[in-house]
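Please open the structure in your viewer and keep the selection tool at hand. The tour below proceeds from one selection to the next.

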Amino acid sequence: MPKTINVLFLAAEAEPFIKVGGLGDVAGSLPRALRALSNDEITLDVRLVLPYHPVIKADNLKPVGMFSIPRGSSEVQVEAFETTLKGMPVYFINGDAIRANGSVYSLDAKLDAEKYTFYSIAALELSRQINWFPDVVHGNDWHTALSLYYSLTKRWEEGARHVASVLTLHNLPFMGPDVSEILNSYGLKLAQTDLPDWARVMPLPLGLWSSDAIVGVSPTYAKEILTEEYGCGLNEFLQLRHETLSGILNGLDTDSFNPETDTAIGVNFALETLEKRAANKNLLQARLGLPQESEIPLFAIISRMDVQKGVDLAFSALNTMKRLNWQAVILGTGDPKLEEAAMKLQKLFPERIKVETRYDAGLARQIYAGSDMFLMPSRYEPCGLSQMIAMRYGCVPIVRAAGGLNDTVRHGVTGFVFEKAHHLSLVAAVKNALKVFANREQWQSLQRAGMAQDFSWENSARQYLNLYLSLIKS
C-alpha cells in the first residue's frame, strides 16, 4: 500500500477561482503538480482551502459543514463549501469576517486583520469537521501565516499531534497588520519569541517564527532576505533560522503558456517552427498602430506599474536611447504617477511607443509572442513569472540580477542580465542585446535556448515533496 501524505494548502487567492497577482498562479498550479507526483509508493492528498471572497468565481459548490469557533465570550459561525479542480478537493471558508470585505485585499487594515485571522483559524478547524487530518500545513504569505501560529500554540496548550508546517515567502515586505487584539479575542496569546519587538504582533513574522520550514520563491531570494537590504528588518531573525530556510523556484503553467497551442496569439509556433513567430510581430505592430517593419527591434514591458518593478528605469532608458531605432509596447496598471509617466513617454514618441494602462491577458500573450525583447529591470523580484513566459514565447528577456530573475535568465545564453538598479545599466544591457539582434543566427540561438528551458511545476513540486518528507521524518 502506498504511503499517503495529507497536505493542507492555504492561500488568499488561486486560479481559476480568483487571481490578483502571482500568488494566484502559484496556488492554482502547485497543489495540482504535487498531487500529480503520486505513484505506487506515495500518494499526495493535497487539498486547497481559500477564503470565499464575494468576488470568487466557482461552480458546483456544495456545503460541507457549518461550525463555530470561539471569539471572545461568544462564537462566530463558519460556513464551508467544496468543489473540485481537476480532481483536487477545494474548500471555501465563509463567515461574517469574509463577507465584510468584498475584495481579496482591502485598504482597511482592520478588515483584513479580522478576515485573515478568522480564515486561518477556520481553515485548520475545517479538517476536524471533515475528518481529514493534515500531515503538512503549507501556508503562503501573511494571509495564511497565522494558521501556522495557531497550529503551534494549540499543540503546546492541548498536546495535539505535531503537524509539519511550511511557509512560502512570496513577498517579505507585506507582513500584515497588528493582530494582537484580534488574536486575544480568539483566545490566542502572544508567545515569547525571538522576533524584533515591532514584529511580534504581525502575522507574517509570527508565521515565520512558528513554521518548521521557510521557503523563498527562488534560491537567490532566499539568500537576499538574509541581508539588510532585502530583509525588511527580519534579516537577523532569518539568519538564526537559516538552517530551515531554502529557496524553491516557482514554476509556470506550461500547458496554458504554450505558443504551440495558445489561442490568444495570431500564429502558433514551436521551437521547431520558430520561423512562424515573425508573423506575430507583424500582427502586433498592426494592432498597436506601429510601423510594420520586421527589422526594427520591438521592446516589451508587461508589468504592474510599481517602483519595485523598475518601470521608471525602463522609461528613463527608452528616453536615453531616443537616437537609436526601436519600438516599444508598455502594458500595465498601478501607480498613477508611473501610468502618467508612461503616457508622457508615448506622447514624446507617438510613432514608436504604445501604452495600454490596463490589465489585458490576451494582449499580454500577443506581446510575449510578437516582441523581440522583454524589459524587466526590477529593483527586487522574489521570483517573477514574466521572464519565464517571455522565454517560452521566444521573447528575449533583459533583466536585473535580482531574485528569481538571476536564477532563470542566463546572461548571453537565454537573455541579458545587468547588476545595478540604474537606467544606464539597463541601457548598456539593451545595447549589448541590439548587437546580437543584428545577427539573425545568434539571435535565434538565444530564442531557442530560452524556449528550451524547463520551467514546469514538476521540478518545483518534487523539491517541495522532498521538503515535506524531511519534515515528517524529523
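Begin by selecting Cys395 in this predicted model. Its sulfur has its closest cysteine sulfur in Cys383, at 18 Å, which is too far for a bond. A disulfide requires the two sulfur atoms to lie within 2.5 Å. Cys395 is also buried, because its relative accessibility is 1%, under the 20% limit.

Select Cys383 next. A search of the whole structure finds zero disulfides, and Cys383 accordingly takes part in none. For Cys383, the nearest cysteine sulfur belongs to Cys232, 17 Å away. Cys383 is buried as well, with a relative accessible area of 3%.

Now move to Phe418, which is found in strand β15, spanning residues 416-418. Is Phe418 buried or exposed? Phe418 counts as buried, because its relative accessibility is 6%. To view its surroundings, display the residues it touches beyond four places in sequence: Pro377, Ile398, Val399, Arg400, Ala401, Ser425, Leu426 and Ala429. Add Phe299 to the selection; Phe299 and Phe418 are 119 residues apart in sequence, and their C-alpha atoms are 17 Å apart in space.

The final stop is the second largest pocket, which holds about 450 Å³ of space. To find its centre, select Ala278, Ser294, Asp372, Phe437 and Arg440, the closest to that point of the 19 residues in the lining. Then colour α9 (278-288) and α16 (440-451), the elements that give two or more residues to this lining. Colouring by residue type divides the lining of the second largest pocket into six nonpolar, six polar and seven charged residues.

Technical notes: Residues numbered from 1 in each chain as written. Predicted model: local features only at pLDDT ≥ 70, side-chain atom pairs only at ≥ 80, totals over all residues. Heavy atoms only, no water. Helix = DSSP H or I, 4+ residues; strand = E, 2+ residues; numbered from the N terminus. Buried < 20%, exposed > 50% of the residue type's maximum accessible area, 1.4 Å probe, protein only. Contact = heavy atoms within 4.5 Å. 1 Å grid on protein atoms, 1.4 Å probe; cavity = no way out; pocket = protein on both sides within 12 Å on 5 of 7 lines; lining within 4 Å. Points joined across faces, edges and corners; volume = space filled by probe spheres on them. Nonpolar A, V, L, I, M, F, W, Y, C, P; charged D, E, K, R; others polar.
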